[in-house]
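Please look over the sequence and the structure shown here before reading on. The paragraphs that follow lead from the overall build to the interior, the surface and the charged pairs.

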Amino acid sequence: MGKKISPYILIVFSFISIIILGAILLTFRISLKNGINITFFDALFTATSAVTVTGLSVLDVSKTFNGFGRVIILILIQLGGLGVLTFSSLIVLLISKKIGYYTKKLVREDLNFEDKLDIYLYIKKVAMVVFGIELLGAFFLLTDFLKKYSLGKAIFYSIFHSISAFCNAGFSLYSDNLEGFVDNIYVNIIIALLIFTGGVGFAAIIDIYNYINGKSRRLTINTKFSINITVSLLLIGMFMFFIFEYTNLSSIGSMSIGKKILASFFQSVSLRTAGFNTVNLNELRVPTVLISCVLMFIGASPGSTGGGIKTNTVGILFLGIKASLKNKGEMVFSKRSISFKTFNKAAALLLIAISYVFFIFALMSIFESDKDIVKVLFELISAMGTVGLSMGITAELTVYSKILIIITMFLGRVGLLTVVLALSRNTGKGKYAYPEENILIG
């Protein structure tokens, strides 16, 4: 019997396949509005952005694609958010009621899943969580959209924006994204909750559900850690955005205090890799852009629909640095000891991500020499974190930079995950050990 293909290769191949198929479908006349024509490259950019749940676009979705085209984009977002292989496994489970060992292994890699859990039950729970929350979000959005649109249009808009929000995709059917809802507290809160739940991770949501229902006595360390870091970053981002943009008339400067707080809260939530915006980002102040870049680079939590280097990575780095400064030999969280092997993996991931961003940014600074370099950096990190926020230069980028953005969006969704999984493989200890020595640092 031949050797099985590496799960990492299959994960990458599954995303590439669905992106190419999606791009082909988006170029068909049946997907476009009358009189509209697009190149395959623009369709490829859009399909990649949808499958990687990023949201960057060189086209105005609301003006380019008709109902069929929008449904294709929605399906691509759903597949990308849930995971192509996970979705396929769910279909197999519904038909045959069982999946093979190798498929289980693939799903574990696709979902960043713990081996000790029941994979059958976990896939079913993930599906219930995803579709249940999306339907609930669509229902609540529908109550507001019905005030503006006919029933059919209101239902589609509700479903589209609910799935886009939960999957942290950031695609909107409005040309100005969600700027028209800047003072709509209801829609802001619903979208923000969908973004938060989608970005905190499937395992954490299931764990919280089991805890509330009394099925488990306490939350897992991973859930506590993810929520603590996510909430902390959300509050920091909200505070920074509010302070730096308080007097900026091009963003929130002309708003009342209440609207400023709401807008700052929403942008901070969206920076968790969601890609929605309720204020004009083109004229943000440089300190705000830099803080936004840091938050986008960090991204969402592990095992979620979002990208970035992940909240837990930053949390582990913080614990490791804190332990080192206190000259402690272990990291501690919630009265539990965490191995420094985890810190080493987090440090390696951070170094790889920073090195990649530096290299691509150097290339883009050459290709985009006529543009604001800060906006170019914002665009790149938005792609790396699969965020999708833009300062209005996406369509103006050169073809070379667009190719780099496509590659970056793809790596932001599947590449870093592959690196982490590869680093996590246990190679075992050798039969001998070298003498230990110290090397001076600092």
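Helices, as the word is used here, are DSSP runs of H or I with at least four residues, and they are numbered from the N terminus. Counted in this way, the protein has 17 helices and two strands. The model is a predicted one, and its confidence deserves attention at the outset: the average pLDDT of the protein is 85, and 84% of the residues score at least 70. Confidence is lowest in helix α6 (residues 101–111), where the mean is 52, and highest in helix α8 (residues 151–166), where it is 96. Where pLDDT is low, the predicted coordinates should not be read in detail.

Turning to the chain as a whole, 52% of the 442 residues of the protein count as buried. Among the contacts with a separation of 6 or more, 70% are made by residues 24 or more positions apart. The protein exposes about 21,300 Å², of which carbon and sulfur atoms supply 66%.

The interior can be followed from its largest nonpolar core, which has 115 residues and in which I73, I77 and I191 have the most contacts. Helix α7 (residues 119–145) gives the most to this core, contributing eight residues. The surroundings of I77 can be traced in some detail: when residues up to four places away in sequence are not counted, I77 touches A50, V53, I163, S164, C167, A169 and F171. Another interior position is T288, which lies in helix α13 (residues 286–298). T288 counts as buried because its relative accessibility is 2%, under the 20% limit for that class. With residues up to four places away in sequence again left aside, T288 touches F241, F244 and E245.

On the surface, I16, I20, I24, F28, I30, F40 and F68 form a nonpolar patch, and together they have about 600 Å² of accessible area. Which helix supplies the largest share of the nonpolar patch? The largest share comes from helix α1 (residues 7–27), with three residues. Another member of the patch, I30, is found in the loop between α1 and α2 (40–51).

The charged pairs remain to be described. Side chains of opposite charge can pair when their charged atoms come close. With a cut-off of 4 Å between a side-chain nitrogen of Lys or Arg and a carboxyl oxygen of Asp or Glu, the count comes to four salt bridges. One of them joins K259 to D183, whose closest N and O atoms are 3.9 Å apart. This pair links distant parts of the chain, since K259 belongs to helix α12 (residues 257–270) and D183 to the loop between α8 and α9 (185–200), 76 residues apart. K259 counts as partly exposed because its relative accessibility is 37%, and D183 is likewise partly exposed, with a relative accessible area of 43%.

Elsewhere, E368, D370 and K371 are linked in a network of salt bridges. Within this network, the side chains of K371 and E368 meet at 2.7 Å, N to O, while the closest N and O atoms of K371 and D370 are 3.6 Å apart. Both K371 and E368 are buried, the relative accessible area of K371 being 18%, whereas D370, at 63% relative accessibility, counts as exposed.

Conventions
Residues numbered from 1 in each chain as written. Predicted model: local features only at pLDDT ≥ 70, side-chain atom pairs only at ≥ 80, totals over all residues. Heavy atoms only, no water. Core = buried A, V, L, I, M, F, W, Y, C linked by side-chain atoms within 4.5 Å. Buried < 20%, exposed > 50% of the residue type's maximum accessible area, 1.4 Å probe, protein only. Contact = heavy atoms within 4.5 Å. pLDDT = per-residue confidence, 0-100. Patch = residues over 30% accessible without salt bridge, like charges linked within 9 Å, V, L, I, M, F, W, Y side chains within 5 Å. Areas by Shrake-Rupley, 256 points an atom, 1.4 Å probe, with all protein chains shown as cover.
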